Amino acid sequence: MFIVKAGDVKMLRDPFLHFPRATLCVLLAACGISVWMANLEVDTEMDDLLSGDQRNLQSYETAQEVLGETIPIAVSLDCGEVYSPAGLELIREMTWELGKVPGAVTEVTNVQGQVFSVTNVHSLVTAQRPVRQGFGLAWENIVPFRLDAADMSDLRHWSQDHPYARNILVAENGRHTVILANYTRPLVTPEEQAVFDQEIGAVLEQFRQRGHSVNAIGLPLIEHEIRTAVKADAVRFVPTALGLLLVVLAFTFRRTPRLMVYVLANQVMGLVLLPALYQLSGLQLNIFTVLLVPLLSAVHLTLLTHVATSFQRAWLAGEEAMVAVNSMGREVLRASGFAALTTITGLLALQASDVEQLREFGVLGASGIAMLFGLTFGPGLAWLPVLFSKRSSDDVAAPEHHSESNRFDWSGWADRVQAMRQPMAVLLVLSGVLMVVGLSQVRTDVRAVEFLNRASPTRVMIEEMDDAYGGINVVQVQVDSGMTNGLNNPYFLQYLDSIHQMAARKPGVTAVYSYTQLMAAINEVWEGGREGTFRLPENPLMTALFSGLVASQKEQLPFLTMLCDTNFQTAQLTLRTRDMPSSEYLEILEQVETEARMAAPTNVTVSAENGIRSILEADQRIVRSQRRSVGWAVGVIGVILAVLWRSVGLAFLALAVNLLPVGMIISLQGFAGVPLNSITIMVAAIALGVAVDDTIHFITHWRDKRRTGSSPTEATRSALRVKGRPIVATTIILAGMMMVFWMSVFPPVVHFGLLLAVGLAGALLATLVLLPVLLGRKSISNAGR
């Protein structure tokens with residue numbers, strides 16, 4: 001066990017080093033158990049994808065409420081021209097083929113006890129419309145068996161021009177049509193969803209091969225796509241990270257090849273043990289936690305690099321293996337321990353986030369860092385006495401002036417940067433101005449579609465629905481009449497109709513659905529479809545009759561729950577829009593709410609609070625989460641550093657130096673147009689926790705030298721000479737590992753890797769340029785005593 005005492009680190013009664021082969025046998029057995037118990041599930045719940053997108057989450061929940069237990073699949077088919085014999089025949093074929101997929105047919109028993117099959121695939125050719133039958137309503141197919149020109153015109157009126165059907169089954173362009181298939185079959189497990197995806201894909205492929213554009217969307221399809229993408233990301237991440245690891249090891253430890261084996265063995269064991277950590281935590285892989293694989297691997301590699309370079313220096317100086325391990329412990333254990341602690345702090349700072357998935361990411365990441373630190377400075381050290389039990393002919397002491405640490409003139413570097421104080425001060429001021437400008441341009445974008453790449457089938461379908469069908473954003477304004485059955489009061493209906501028309505005139509609103517539309521549609525049917533009869537009934541007796549018809553036709557009106565409550569007291573004014581910035585979306589809602597309240601009769605209340613609050617909260621909690629996580633990270637890391645160095649001044653200096661690259665990350669987001677979302681908000685806190693590691697190693701060595709009597713300049717030169725190479729190597733490792741994220745199919749993950757790599761590069765510059773200058777000042781230097 002490592003014992004820290006009086007500023008020294010010694011290896012005393014360490015069972016891992018005294019029994020290295022037994023330790024390695026236990027480690028290998030643990031790795032085998034980890035592989036055996038690894039049964040990682042990829043979590044593709046829609047809650048993860050919609051964790052920040054309150055608009056689409058609300059639309060999704062509304063659709064789920066209307067559709068109930070069935071699994072809906074929406075298919076958009078480009079017919080060329082819907083209102084043509086060929087177009088209608090194509091829709092019939094698609095409807096028939098989707099009906100062949102298992103689960104589309106259900107058995108229904110009628111009142112006479114007869115059992116018959118019903119195909120739950122709905123399209124233009126199966127849709128029905130109401131017709132008057134005495135004092136009631138009957139339903140007939142909207143597409144008759146035979147169509148003439150008049151029938152085709154009537155079909156267009158009911159399916160495209162009619163206010164109640166616009167953009168529901170047929171798009172405005174008359175080319176696209178939606179086919180909705182509802183399936184009643186188990187589609188929960190990954191295996192069930194994979195089979196279902198293949199079945200739906202086979203149906204769509206038949207039409208694609210004939211030259212038709214066809215896309216589909218549905219919960220099982222989305223979850224299967226995300227699960228496949230997450231697994232593909234993980235498969236790409238691991239070999240790429242290992243390949244990068246081999247390149248770095250070959251360059252860094254080419255003089256001591258056995259250290260390559262040591263680092264590689266520990267890295268592989270760390271990766272193998274991670275699934276056991278996931279399993280024990282009860283958490284699953286998702287688009288958030290998959291980021292931890294290369295991130296933890298990179299942090300682990302930096303720890304191993306510091307250990308290996310320090311051991312290499314002692315070994316090449318002629319020390320025996322156990323003595324070299326002890327020298328390594330004195331040099332890097334304390335700094336590495338506090339560096340790991342700051343990284344853990346940066347991850348745990350995500351507990352301040354309002355997004356549950358980020359909190360899980362932080363806990364799992366912090367647990368992973370603790371495990372890898374324990375592995376590195378615990379049983380993982382057992383590789384060293386085994387690999388270095390004997391010296392080879394290449395293991396000779398290198399003269400100081402030929403050592404690898406001095407191939408670069410670090411002392412000269414220290415002198416040069418200290419001589420450039422004034423130019424650097426000007427550069428810092430200019431950088432600060434650029435940061436302020438960049439920060440002012442940072443925007444939030446929590447839309448779920450932005451989590452998917454442009455080739456994603458789900459994103460293609462969402463964008464097609466948004467472009468051709470008038471959008472997928474649905475929000476409701478509640479209008480409470482103040483009494484049971486108050487919706488059917490003629491005066492209230494007139495008021496509701498007026499705000500319906502007002503909302504429909506708002507720019508950006510593509511459709512409005514309300515209870516008054518339903519009553520107007522029944523009135524049109526009642527009047528034989530004559531022009532100008534799509535309006536509210538003028539006779540109160542007819543209003544009462546129509547309300548009774550609505551109550552009796554609930555089975556034919558599954559969307560009724562979107563228009564009103566079961567007591568017919570509160571109406572839901574449902575607004576539909578295309579995708580737009582949240583500020584414009586909020587402006588529409590607030591205008592509708594304000595104007596509706598001003599015109600409201602006595603005892604009628606209007607509220608868009610749920611929609612407004614959810615949208616505001618979606619944007620505000622992203623900003624709030626970042627502010628909280630960075631604030632907690634800065635505060636806790638500052639305390640840790642003050643305890644480590646027993647100096648508030650040095651802690652403040654370290655934070656100031658590393659907050660510069662964090663500010664650079666956020667400003668880069670603004671300049672590059674990378675939005676804040678539930679993944680990119682993690683970058684700042686994580687970057688601070690990881691980037692400060694190099695500063696800790698540098699200042700710790702500098703402070704130790706100052707305490708032995710070295711001048712500030714001499715201590716700075718020594719810190720650069722001893723720590724410069726490992727700091728550069730670890731930053732290259734970290735930034736390189738972040739580049740692994742560029743291979744992801746999820747755009748926010750790509751942005752995460754890009755921003756973190758830039759931040760780490762900035763932290764390297766700050767450590768190697770600013771620290772030598774600042775540590776030479778007397779006011780700071782005195783803190784090193």
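Strands β6 and β9 (residues 176-183) are joined by 2 bridges and run antiparallel. In this predicted model, one place to look along that pair is His122, which stands opposite Leu180 in β9. Helix α16 (residues 457-468) also comes into the picture here: it packs on the sheet, touching β3, β9 and β10, and its direction makes about 105° with that of β10.

Now let's step back to the sheet as a whole. Its 4 strands follow the order β6-β9-β3-β10, the pairing is antiparallel, and the sheet is open. The edges are held by β6 (121-122) and β10 (214-218); each has a single partner strand, so one side of each is left without a neighbour in the sheet. As background, strands of a sheet pair through backbone hydrogen bonds, either parallel or antiparallel. A further helix, α7 (residues 190-208), lies across β3 (71-78), β9 and β10, and runs at about 160° to β10.

From the sheet, we can turn to the charged side chains. The model has 19 salt bridges by the distance rule used here. A good one to start with is the bridge between Arg129 and Glu140, where the closest N and O atoms are 3.3 Å apart. Arg129 sits in strand β7 (residues 128-133) and Glu140 in strand β8 (residues 136-141), so this pair ties together parts that are 11 residues apart in sequence.

How buried or exposed are these two partners? Arg129 has a relative accessible area of 16% and is buried, whereas Glu140, with 33%, is partly exposed. Arg129 also meets the side chain of Asp154 in a salt bridge, at 2.6 Å from N to O. Because Asp154 belongs to helix α6 (residues 149-161) while Arg129 lies in strand β7, this contact ties together parts that are 25 residues apart in sequence. Asp154 is partly exposed, with a relative accessible area of 29%. Put together, Arg129, Glu140 and Asp154 are linked in a network of salt bridges.

Our last stop is a salt bridge between Glu595 and Lys506, whose closest N and O atoms are 2.6 Å apart. Which parts of the chain does this pair tie together? Glu595 lies in helix α20 (residues 582-598), and Lys506 lies in the loop between α17 (490-504) and β12 (509-513), so the parts that are tied together are 89 residues apart in sequence. Glu595 counts as partly exposed, at 33% relative accessibility, while Lys506 is buried, with a relative accessible area of 13%.

Notes
Residues numbered from 1 in each chain as written. Predicted model: local features only at pLDDT ≥ 70, side-chain atom pairs only at ≥ 80, totals over all residues. Heavy atoms only, no water. Pairing = 2+ DSSP bridges. Contact = heavy atoms within 4.5 Å. Axes fitted to C-alpha atoms, helices over the stretch in contact; angles between N-to-C directions. Salt bridge = Lys/Arg side-chain N within 4 Å of Asp/Glu carboxyl O. Buried < 20%, exposed > 50% of the residue type's maximum accessible area, 1.4 Å probe, protein only.
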